[in-house]
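Student: I have a chain open here and want to get my bearings. Can you take me through the fold?

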Amino acid sequence: MTMGVRVACAALLSLESLSAATVVASAAADRASPSDTLPDPADDAVPVVLMHGIADSSTSAAMQQLVDSILAAFPAKRVLALPVSNGLASILREMDRQLEELVRIIRADNSLKHGFDAMGFSQGGLLLRAYIERFNSPPVRRFISICSPQAGVGFCPLSPMFQWLCPMWRSGDPYRTGIAFSGYWKDVSSREVYLAENNFLANLNNELPTTNSTYKANMLALERYVLVMALRDKTVVPPASAVHGYWQWEDRLDRSSVQVPLVERPVLPMEETEGYQSDAIGLQTLHVTGRLHRLSFDGMQR
Ligand SMILES: *[C@@H]1O[C@H](CO)[C@@H](O)[C@H](O)[C@H]1NC(C)=O
């Protein structure tokens, strides 16, 4: 088994060990391997950076366990959990501010100057994609996104941590609270409001009238884009957002479909989204050239 998938498996296993869910991650790993077509890497020279998710930190036991699991497989590799907006700052600091910090930390590290592989967890996967699209210098070679809200979120996370935050946040304008979550909030009741008010994701996904061709060019420079989805994710809702799927805008649905509660509505798979069809950030090209891989496991994000 080669690098990309092994790294993803390590991540799956660690995610599972954090949650109440069980052993299915190893099954997901087994399912992934037969179709594994990754080239054999001469890999030790390429460092790996890990970007933690919301309410996590580069120094947490979970992140350190991931670092260790990669080192166990690749002892000579440089593996670095990025100390970007640790702890509460990962919730309270806007995505653009966190991104500035991430760029600074990456550029200050001499070992990363020739490029690196990047693995992001949840919000961290979105930050890394923003790094790739807007900076990518030094460049990312392979990008692994684990349970990240790549197409946004439309539902407050069900985890206890958010129970105090969500009501406050939703009582105002969720797009304008100045916390990280607002950056990838995507309320399907109005595309117009989303495009006008979302200050991060709409731009990053090239959904605005003015698009940025650098974003697509940088994504197309990736050697591989691996997306991992937790089928029962309770934090990123809908879970398929992790693989660039999302609910349809409500004005494109008939009345009876709109009456179905949001969490029970089917999502459009990546291939049926506008962003894919217009190849706005290169997803279609990455996919048809065999560089975009989707994996899932029957588990949840804690
Ligand atoms: C497109 O993105 C690049 C990279 O972030 C930036 O330098 C450039 O100014 C952007 N172009 C436009 C038209 O916004």
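Tutor: One term before we start: two strands pair if DSSP finds at least two bridges between them. With that in hand, strands β5 (residues 224-230) and β6 pair in the parallel sense, over six bridges. Bear in mind that this is a predicted model.

Student: OK. Which residues face each other there, say opposite Tyr 225?

Tutor: Tyr 225 stands opposite Leu 292 in β6. Further along, Ala 230 has Phe 297 of β6 as its bridge partner.

Student: What does β5 pair with besides that?

Tutor: Strand β4 (residues 140-146) pairs with β5 over five bridges, again in the parallel sense. In that pairing Ile 146 stands opposite Val 228.

Student: Is β5 covered on one face or both?

Tutor: Both faces are covered. One side has Arg 224, Val 226, Val 228 and Ala 230, the other has Tyr 225, Leu 227 and Met 229, and all of these are buried. That is seven of seven residues in the strand.

Student: And how many of the β6 residues are buried?

Tutor: Five of the six, over residues 292-297, so to speak of β6 as mostly covered is fair by the cut-off, where a residue is buried if 20 or more other C-beta atoms lie within 10 Å of its own.

Student: Zoom out. What is the strand order in the sheet?

Tutor: The order is β2-β1-β3-β4-β5-β6, in an open sheet of six strands with parallel pairing. β2 (79-81) and β6 stand at the edges with a single partner strand each, so each has one side without a neighbour in the sheet. The twist from one strand to the next averages 15°.

Student: What happens at the β2 end?

Tutor: β1 (residues 48-51) runs parallel to β2, and three bridges join them. Leu 50 stands opposite Ala 81 in that pair.

Student: What else does Leu 50 touch?

Tutor: Not counting residues up to four places away in sequence, Leu 50 touches Met 63, Leu 66, Val 67, Ala 81, Leu 82 and Met 119. Leu 50 is also among the residues with the most contacts inside the largest nonpolar core, along with Met 51 and Leu 127. That core has 69 residues. As a general point, nonpolar side chains in soluble globular proteins tend to be buried together.

Student: Met 63 and Leu 66 are in a helix, I think. Which residues of α3 are buried?

Tutor: In α3 the buried residues are Met 63, Leu 66 and Ile 70. Seen down the helix axis they fall within an arc of 55°, so they line one face. On the other side, Ala 61, Asp 68 and Ala 72 are exposed.

Student: Why would residues with that spacing share a face?

Tutor: An α-helix has 3.6 residues a turn, so residues three or four places apart point the same way.

Student: How far does α3 reach from end to end?

Tutor: The helix covers residues 61-73, and its first and last C-alpha atoms are 19 Å apart, close to the 18 Å expected for its 13 residues at 1.5 Å a residue.

Student: Switching topic. Where does α6 lie?

Tutor: Helix α6 (residues 123-134) lies across β1, β3 (116-121) and β4, and runs at about 145° to β3. α6 is also part of what covers the buried residues of α10, as is α13 (283-288).

Student: Which α10 residues are those?

Tutor: Tyr 215, Asn 218 and Met 219 are buried in α10. They fall within an arc of 100° seen down the axis, so they line one face of the helix. Ser 213 and Thr 214, on the other side, are exposed.

Student: What about Ala 217, buried or partly exposed?

Tutor: Ala 217, which lies in α10, is partly exposed, because it has 13 other C-beta atoms within 10 Å. Its C-alpha is 7.9 Å from that of Glu 133, although the two are 84 residues apart in sequence.

Student: Last one. Where is Leu 262?

Tutor: Leu 262 is in the loop between α11 (255-259) and α12 (274-277). With 15 other C-beta atoms within 10 Å, Leu 262 is partly exposed. Leaving aside neighbours within four places in sequence, Leu 262 is in contact with Gly 154, Phe 155 and Trp 247.

Key:
Residues are numbered from 1 along each chain as its sequence is written. This is a predicted model: local features need pLDDT of at least 70, side-chain atom pairs count only at pLDDT 80 or more; totals for chains, interfaces and linings use all residues. A residue is buried if 20 or more other C-beta atoms lie within 10 Å of its own, exposed if 12 or fewer, and partly exposed in between; C-beta atoms are placed from the backbone. Helices (H or I, at least four residues) and strands (E, at least two) are DSSP runs, numbered from the N terminus. A nonpolar core is a set of buried Ala, Val, Leu, Ile, Met, Phe, Trp, Tyr and Cys residues joined through C-beta atoms within 7 Å. Two residues are in contact if their C-beta atoms, placed from the backbone, lie within 7 Å. The expected span of a helix is 1.5 Å times one less than its number of residues. The arc is that of the directions from the helix axis to the C-beta atoms. Axes are lines fitted to C-alpha atoms, for helices over the stretch in contact, and angles run from 0 to 180 degrees between N-to-C directions.
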